[in-house]
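Visitor: I've got a chain on screen and plenty of labels I'd like explained. Could you walk me through the reasoning behind them?

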Amino acid sequence: MKLSQFRFLLPEERLALEPPHKVFENEDGTVEKVYRRDECRMMVVHRKSQTIDMFVKDADGNDTEEFITFRHIIDYFDEGDVMVLNDSKVFPARLYGTKEKTDAKIEVFLLRELNEEYRLWDVLVEPARKIRIGNKLFFDEDGPMVAEVIDNTTSRGRTLRFLYDCPHDEFKRELFALGSTPLPRYIVDQREVTPDDTENFQTIYARNEGSVTAPASGLHFSRELMKRLEIRGINYAYITVHCGLGCFDSIEVEDLTKHKMSSEQIKIDAEACDIVNGARAEGHHVCVVGVTTLRATESSVGTDGMLKPFDGWTNKFIFPPYDFGLADSMVVNFYHSESTMLMATAAFGGYDLIMQAYQMAVDNKYNFGCYGDCLLIVDD
């Protein structure tokens, strides 16, 4: 398929800058926001019947005026079904420093640690034209955190060596204390990062640190909803996919077969495989939550349709047509025009049906992006 086939007009005001919330005014006149992550709207796409639902149905099966929300996901799964969740934890990857001598302000976006002993990190810098090999960057005016540029990796990529002599755990703690929540650029260009984002941009089941952006489709799960799903008999299989920025990379070729995805680190253990494979063997549904989870499971499923343990990297790029080997349902957010997430969604739900759903989402003012509304694709 071609890049231009995934182009649509998205009004800027439809990009969600915050999760679903209600605003309350206290007696003293201060304003308080209460975030309710499971109250986003959820559109439901039925692959086999080729139908799309936006509204809750009444007892006779007719649409009401009430929009389906993420809380209604419990109505689409039964005892024995499995949800595959990405438990990667986002770390505060965005730092601001100054360049030696000039004091020019530099944004440094941490990608991953390359070497613990030598404090080497793969990073992106902005503005990149000002940062050359040998430059030193200072991150704390009164503190000891200093980094030296030792290599150019891409036009914006650099390798930094942090000059900080202390135990590694202390170094990481001090480094992350200087960082902020790595919200996507389309959000930070519109507003400042707030303390609320530290919690909001993290799934409630995050535990394995390593992501520089949130596995956003999992942000909708609240503790209360997960408990209700658990009581219903739905099982959870946790895998780890450290989300990178590759999903935000613009595609610069019209022929999608020529696009190369950035790699992401994944780990799928035997316990997750047993939960998923047991459900498949008994004819239950397997629902993947998010495109990163989808890419990981499709990178580790065998020809027998069973999930295999995996510890490594994947650069799998999923776009139509694609023959999926594992999951039969999927939760995913609404994303930007020409994005790799939209392409993977279209591959899973069917190109025509998903593009129709996206147009309906725009027409009905659904919210897009990491903090936006979501899509449930089911196999009925």
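**Starting from one helix**

Guide: Let's start with helix H7 (340–349), whose buried residues pack against helix H6 (291–300), S20, helix H8 (351–363) and strand S21 (374–378). Keep in mind that this is a predicted model.

Visitor: What makes H7 "mostly covered"?

Guide: Buried means under 20% relative accessible area, and 10 of the 10 residues in H7 are buried. Among them are Met341, Leu342, Met343 and Phe348, along with Thr340 and Gly349.

Visitor: What comes straight after H7?

Guide: Gly350, with a positive phi near 100°.

Visitor: Which residue that isn't a glycine has a positive phi in the loop just before H7?

Guide: That's Glu338, at about 60°. You'll find Glu338 in the loop between S20 and H7.

Visitor: Why is Glu338 called partly exposed?

Guide: Its relative accessible area is 22%. Partly exposed runs between the 20% and 50% cut-offs, so Glu338 belongs in that class with its 22%.

Visitor: Where else does a positive phi turn up in a residue that is not a glycine?

Guide: Look at Arg119, again with a phi of about 60°. Arg119 sits in the loop between strand S10 (105–115) and S11.

Visitor: And why is Arg119 called buried?

Guide: Arg119 has a relative accessible area of 8%. The limit is under 20%, so an 8% residue such as Arg119 counts as buried.

Visitor: What makes these phi values worth flagging?

Guide: Most residues other than glycine have a negative phi, and most peptide bonds are trans.

Visitor: Which peptide bonds are cis here?

Guide: One is the bond from Glu126 to Pro127, with omega near 0°. Pro127 is in the loop between strand S11 (120–126) and strand S12 (136–138). Another is the bond from Pro320 to Pro321, where omega is near -10°. Pro321 belongs to the loop between strand S19 (310–314) and strand S20 (329–333).

Visitor: Now cysteines. How many disulfides are there?

Guide: Searching the whole structure gives 0.

Visitor: How do you know that Cys273 is in no disulfide?

Guide: The nearest cysteine sulfur belongs to Cys287 and is 17 Å away. A disulfide needs the two sulfurs within 2.5 Å, so at 17 Å that pair doesn't qualify.

Visitor: Why are Cys243 and Cys273 called buried?

Guide: Cys243 has 2% relative accessibility and Cys273 has 3%. Both values are under the 20% limit, so both cysteines count as buried.

Visitor: How do you know that Gly210 meets residues from elsewhere in the sequence?

Guide: Contact means heavy atoms within 4.5 Å. Leaving aside neighbours within four places in sequence, Gly210 is in contact with Ser88, Lys89, Phe91 and His242. The C-alpha atoms of Gly210 and Val90 are also 6.1 Å apart, although 120 residues separate them along the chain. Gly210 itself lies in strand S15 (residues 208–211), and its 22% relative accessibility makes it partly exposed.

Visitor: What about Asn235: which residues does it contact?

Guide: Beyond its neighbours within four places in sequence, Asn235 is in contact with Gly80, Asp81, Val82, Met83 and Ile275. Asn235 is in strand S16 (residues 235–242). Its C-alpha lies 8.1 Å from that of Glu79, with the two positions 156 residues apart in sequence. At 37% relative accessible area, Asn235 is partly exposed.

Visitor: Let's zoom out. How do you know that the chain's radius of gyration agrees with a compact globule?

Guide: For 380 residues, a compact globule would come out near 21 Å, and the chain has 22 Å, which agrees. The C-alpha atoms fill a box of roughly 70 × 60 × 40 Å along the principal axes.

Visitor: How many helices and strands does the chain have?

Guide: It has 8 helices and 21 strands. Buried residues make up 53% of the 380. Among contacts with a separation of 6 or more, 69% join residues 24 or more positions apart.

Visitor: And what is on the outside?

Guide: The chain exposes about 17900 Å², with 45% supplied by carbon and sulfur atoms. As for charges, there are 43 positive and 65 negative, and their mean positions are 5 Å apart.

Terms used
Residues are numbered from 1 along each chain as its sequence is written. This is a predicted model: local features need pLDDT of at least 70, side-chain atom pairs count only at pLDDT 80 or more; totals for chains, interfaces and linings use all residues. Side-chain values use heavy atoms; hydrogens and water are left out. Helices (H or I, at least four residues) and strands (E, at least two) are DSSP runs, numbered from the N terminus. The radius of gyration is taken over C-alpha atoms; the globule rule is 2.2 Å times the number of residues to the power 0.38. Buried means under 20% relative accessible area, exposed over 50%, partly exposed in between (1.4 Å probe, protein chains only). Accessible areas come from the Shrake-Rupley method with a 1.4 Å probe; for residues, only the protein chains shown count as cover. Lys and Arg count as positive and Asp and Glu as negative; His and the chain ends are not counted. The place of a charge is taken as NZ of Lys, CZ of Arg, CG of Asp or CD of Glu.
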